[in-house]
Amino acid sequence: MANRTERLTKQRIQQIPQAPYNITPAFIREASGAMMIDVDGRELIDFAGGIGVNNVGHCHPKVVAAIRDQAGKCIHTCFHVAMYEPYIDLATKLNELAPGDFPKMTMFANSGAEAVENAIKVARYAKKRPAVICFENGYHGRTLYTLSLTSKIKPYKFGFGPFAAEVYRTHYAYCYRCPFGLTYPACDIACADYLEEFFVSHVAPESTAAIIAEPIQGEGGFITPPPEYFTKLLKIAQKYDIALIIDEVQTGVGRTGKFFAIEHWGVEPDLITSAKSLAGGMPLSAVTGREEMFQKIHVGGLGGTFSGNPVSCRAGLAVLDILLNDGLLERADTLGQKILKRFTEFQQKYEVIGDVRGKGPMLAMELVRDRETKAPAKEEADQLVKLCYQKGLVLLSCGNFGNVIRTLMPLVITDEQLQRGLAIMDESLHELNIGAIK
Ligand SMILES: Cc1ncc(COP(=O)(O)O)c(C=O)c1O
């Protein structure tokens, strides 16, 4: 290990608890676009994008300029003490961007989990009901309520209970491992229809404030439902006057080639949460949704000291400008096609790749020991991530079994960087010899 990295590693081990985990041993000195340089000068191609935060790339010049300008003018007043323009402007833009031909409002918070907490508060207050329905393989954060919604036990939930009450979990549309043993499209989306049965045996619809779902389950393994799924889910929610909350913390802000992933399916949710890439790396999250729901809540019912910080909001306005005016959504589409082509080739070449799925450049490969039994290949996924890192590529796994390899690279990645990263993946799969088709 090189000098600075060695010193910092020792210090990190001594001074910082082990629980905040590290995927790579790298300490980054600077980053730009889709490249990171560590403290010893080693270059890394970034396919992780700070776990979906760097859609517009590291240190995009427009984001940096907006941050610098705002930092020189006003860093913090607290929105509840004295308001400022960037909060109003960004909220107005998100209200326009969110799908739905009805009046909308936006409030800001700091993290994805905080946005989800607020969305649940809004739904519970507006509907005057306690229960929330969430999904197998779902991930919504690490605060008490969002952890209660989150579906993976280790490492997230283990040892941290008891959890919040009135959380009910049902099956998601995980077609590769259909919980009903059915096959799409013959299944006729039975997993959505199952909600009617769920209302009989788990929770009454009259007690349910909200159904919260990710449009593509992120941490759960980039699980991508079939096109009809959300239309059906919304119909059931509307039948019982239940709010549909779509958690776009990972999928939103251009990740899938649309501003919000739910737009792929033409569905208009009651509330949408966004965070991660919203402010180009600055902490900021948002809840956007029906004005009629927000406006039921009394003055002072929602808020927070740092929520909607002016510097973060200015960064957010720059991100929107880049995505919408610099052709980045179109670039995301092209990027997605290129990655999908290579992942499909990998699947033909390496038996270990059981499934390829996703939307736009939010793509994943699920690794299995055997294509028939679909036994999850977690160790193999770990080895692949490790070997890619040794070769200069930062890659992430996900999935409840940790056996899914996902791509969250900055959308500004150059073709050359992309092809270099994909070549490292190919080379590593080959070297690991994990089920190459002979
Ligand atoms: C869908 C989803 N919701 C919520 C969260 C929590 O966001 P944060 O880590 O910013 O609290 C995440 C984080 O990965 C996420 O992917």
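**Close-up views of aromatic pairs and the ligand site**

The structure, a predicted model, holds 15 aromatic pairs.

**View 1. The aromatic pair formed by Phe135 and Tyr172.** The ring centres of Phe135 and Tyr172 lie 5.6 Å apart and their planes stand at 75°, an angle over 60 degrees, so the pair is classed as edge-to-face. Phe135 belongs to strand E5 (residues 131-135), whereas Tyr172 is found in the loop between strand E6 (167-170) and helix H8 (190-201), so that the pair ties together parts that are 37 residues apart in sequence.

**View 2. The shell of residues around the ligand.** The ligand sits in the largest pocket, where Ser111, Gly112, Ala113, Tyr139, His140, Gly141, Glu214, Glu219, Asp247, Val249, Gln250 and Lys276 surround the ligand. Sorted by class, this shell comprises three nonpolar, five polar and four charged residues.

**View 3. Polar contacts of the ligand with Gly112, Ala113 and Gln250.** From the backbone, an N or O atom of Gly112 is placed 2.8 Å from an oxygen atom of the ligand, and a backbone N or O atom of Ala113 likewise lies 2.8 Å from an oxygen atom of the ligand. Gln250 contributes through its side chain, with a polar atom 3.0 Å from an oxygen atom of the ligand. Of the 390 Å² of accessible area that the ligand has on its own, the protein covers 82%.

Conventions:
Residues numbered from 1 in each chain as written. Predicted model: local features only at pLDDT ≥ 70, side-chain atom pairs only at ≥ 80, totals over all residues. Heavy atoms only, no water. Near = heavy atom within 4 Å. Polar contact = N/O pair within 3.5 Å; in protein donor to acceptor, adjacent residues only side chain to side chain. Areas by Shrake-Rupley, 256 points an atom, 1.4 Å probe, with all protein chains shown as cover. 1 Å grid on protein atoms, 1.4 Å probe; cavity = no way out; pocket = protein on both sides within 12 Å on 5 of 7 lines; lining within 4 Å. Sits in = over half its atoms within 2 Å of the grid points. Nonpolar A, V, L, I, M, F, W, Y, C, P; charged D, E, K, R; others polar. Phe/Tyr/Trp six-rings, centres within 6.5 Å; stacked < 30°, edge-to-face > 60°. Helix = DSSP H or I, 4+ residues; strand = E, 2+ residues; numbered from the N terminus.
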